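Me: Please take a close look at the strands of one chain in this model. I would like the pairing, the burial and the surroundings in one connected account.

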Amino acid sequence: MTAQHKTDTRDWVAHIERIRDQEDRRAFAELFAHFAPRIKGFLIRSGTDMALAEECTQDVMATLWQKSHLFDPTRASVATWIFTIARNRKIDLLRKQRRPEPEDLPWGPEAEPDQEEALGLQQECARLGRAIAELPEKQRELIERAYFGDLSHSEIAEETGLPLGTIKSRIRLALDRLRHAMK
Amino acid sequence: MTAAMTKITHHLTDALLMAYSAGTLPEAFNLTIATHLSLCDECRARLGAFDSVGGALLEGCDTVAMADDSLEATLARITGATPAAAPRRKRVEGLPAPLADYIGGSLDAVKWRPVGMGVKQAILRTSRDATARLLYIPAGAAVPDHGHRGTELTLVLRGAFRDETDRFGPGDIEVADESLHHTPVADIGADCICLAATDAPLRFRGLIPRIAQPFLRI
C-alpha cells in the first residue's frame, strides 16, 4: 500500500448491477482493469507464484460475473466482496482445503437493497480504507501481514491487540452499519 | 438457527475473527468458527468489519500487471456459462449448516467412539494441520483434566459445561490457549455435545489418558 492511498470514487456498485442486469461487457472490462491487477498483487504478496496468481485472478473475475446477482451492496463494498471471493479461491487452490462458510441468513424474498443504506455502507468502507492508509507504518504493516498470511496465528494473538485497539474506533462506524444490515 | 437459542455470552476473539477473515487458519478452526458465526449475529457483524479491512487492503494493494490476453481469456470463460445459483445447502434441523456439511446428516448419524469415563468423540475429516472433533459428555460427567500445547476452541452445541473459568451454554465458544489447564464438566441436567478444534494434541495430566492418547487421537 502506498502512502498516498487514494480511494477510488467510481461507482463500482453500478458496474456490478450493469453486469447483472445487462451482461455489460464494458462495465466488466472497467472492473477488470481496476481490480484484476490488485487481486494479482494481493495474491503474489500472499506467496502465490506469477502463473497461479494470473490463473486465480481470472477465476475470481469470472466468478464475479457469474455471481453478480448475489452481490448485496448493503452488506459489503465491491472491494470487500471481491476480497472474500479471492480469499476463498486462494484457500481452494493453494491449500486444497474446503472453506466452511457460515449459514446463510434468512433474507426476505428478493428484497431490493435500500439505496441509502447501500450508499452509506460504501462510504463507510471508503472511510475505513483511508483510515487504514493513514495508520502509522508499523501498525499498517502488521495488519497487512495478518491478511497476506505471513503472520502466524500466535503472532497475531500476541501482536494484534495494538493495531486493532487503534483502529477499533474507526471500524466502529462501519461495524454498526454492518450490524444494522444484518438485523 | 438463531431461534430459541439462549443468549450467547462467550464470543470469538478479534484475533480469531481477523485470521478467519484473512483465511489463514486451518480447516478445523474455520469449521468451528463458521459454526459459531451461524449461531451468533454479534460475531457475524464483527466479521463483516474484518472483511471490510480485507477489502480496503485489496483496494490499496500494489498492482501487478495482468497478462496481455487476460481480459479476453476471462471473457471466454464467462461466455456460455450460466449464472451460478446460490449454493443450496441441505438443511438439517437443529444443526448449523457448516457443521451439517461435515457430519452429512443430523447428530443422530454420528458414529461415536468411547474415550473413557463415559465421554465419546467423533473426529471430523479436515486437513491435518488441526483436528476437529465432536465431543459427547454425559450429564454430570467430566472430560479428563487436560492442557493444550496450542489453541483449543470448544463450541457448545447442546447442553452446557462448566470449567475453572466459567459456564458455557449453547452457542458459547471457549478459546483456550496453553495457559489453560481445565476439566470441563457437563451440566447435570442434560448431556452436552460440543464441537472442538485443536491445533496440537491435548495434554492430559493423568497417566492413563496419556498412555491412551496416541491410540485415541485425542
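Reply: What follows covers the strands of chain B and then the surroundings of that chain.

This is a predicted model, in which local features need pLDDT of at least 70, side-chain atom pairs count only at pLDDT 80 or more, and totals for chains, interfaces and linings use all residues. Residues are numbered from 1 along each chain as its sequence is written, chains are lettered from A and ligands numbered from 1 in the order in which they are written, and side-chain values use heavy atoms, with hydrogens and water left out.

Chain B contains six helices and 11 strands; both kinds of element are DSSP runs numbered from the N terminus, helices being H or I with at least four residues and strands E with at least two. Of its 218 residues, 56% count as buried, where buried means under 20% relative accessible area, exposed over 50%, and partly exposed in between, with a 1.4 Å probe and protein chains only.

The account starts with strand β3(B), residues 131–137. Seven of its seven residues are buried, so β3(B) is largely enclosed by the rest of the structure. The cover applies to both faces: Thr131(B), Arg133(B), Leu135(B) and Ile137(B) are buried on one side, and Ala132(B), Leu134(B) and Tyr136(B) on the other.

β3(B) pairs with β2(B), residues 119–124, in the antiparallel sense through five bridges; two strands pair if DSSP finds at least two bridges between them. Strands of a sheet pair through backbone hydrogen bonds, either parallel or antiparallel. Leu134(B) of β3(B) has Ala122(B) opposite it. β2(B) and β3(B) make a hairpin, with six residues between the two strands.

Before β2(B) comes a loop that links it to β1(B), residues 113–116, and Met117(B) lies there. Met117(B) is not a glycine, yet its phi is positive, about 55°. Most residues other than glycine have a negative phi, and most peptide bonds are trans. With a relative accessible area of 59%, Met117(B) is exposed.

β3(B) is also joined to β10(B), residues 192–198, by seven antiparallel bridges. Here Ile137(B) faces Cys192(B) of β10(B). β10(B) in turn pairs with β5(B), again antiparallel, over six bridges, and Ile193(B) of β10(B) stands opposite Arg158(B).

β5(B), residues 152–158, is mostly covered, with six of its seven residues buried. Four bridges link β5(B) to β8(B), residues 173–176, and the two run antiparallel. Glu152(B) has Ala176(B) of β8(B) as its opposite residue.

A separate entry concerns an open sheet of three strands in chain B, ordered β7-β6-β9 with antiparallel pairing. β7(B), residues 167–168, and β9(B), residues 185–186, stand at the edges with a single partner strand each, so one side of each is left without a neighbour in the sheet. β6(B), residues 161–162, pairs with β7(B) over two bridges, and Phe161(B) has Phe168(B) of β7(B) as its bridge partner.

For chain B as a whole, among contacts (heavy atoms within 4.5 Å) between residues at least 6 apart in sequence, 67% join residues at least 24 apart. Chain B exposes about 9600 Å², of which carbon and sulfur atoms supply 54%; accessible areas come from the Shrake-Rupley method with a 1.4 Å probe, and for residues only the protein chains shown count as cover.

The other chain completes the surroundings. 70 residues of chain A are in contact with 70 residues of chain B. The two chains bury about 6200 Å² between them, 63% of it on carbon and sulfur atoms; buried area is the accessible area (1.4 Å probe) that two parts lose on being put together, summed over both.

Four salt bridges are counted between chain A and chain B, a salt bridge being a side-chain nitrogen of Lys or Arg within 4 Å of a carboxyl oxygen of Asp or Glu. Arg77(B) forms a salt bridge with Asp59(A), and their closest N and O atoms are 2.2 Å apart. On the side of chain A that touches chain B, α2(A) gives the largest share, 14 residues.
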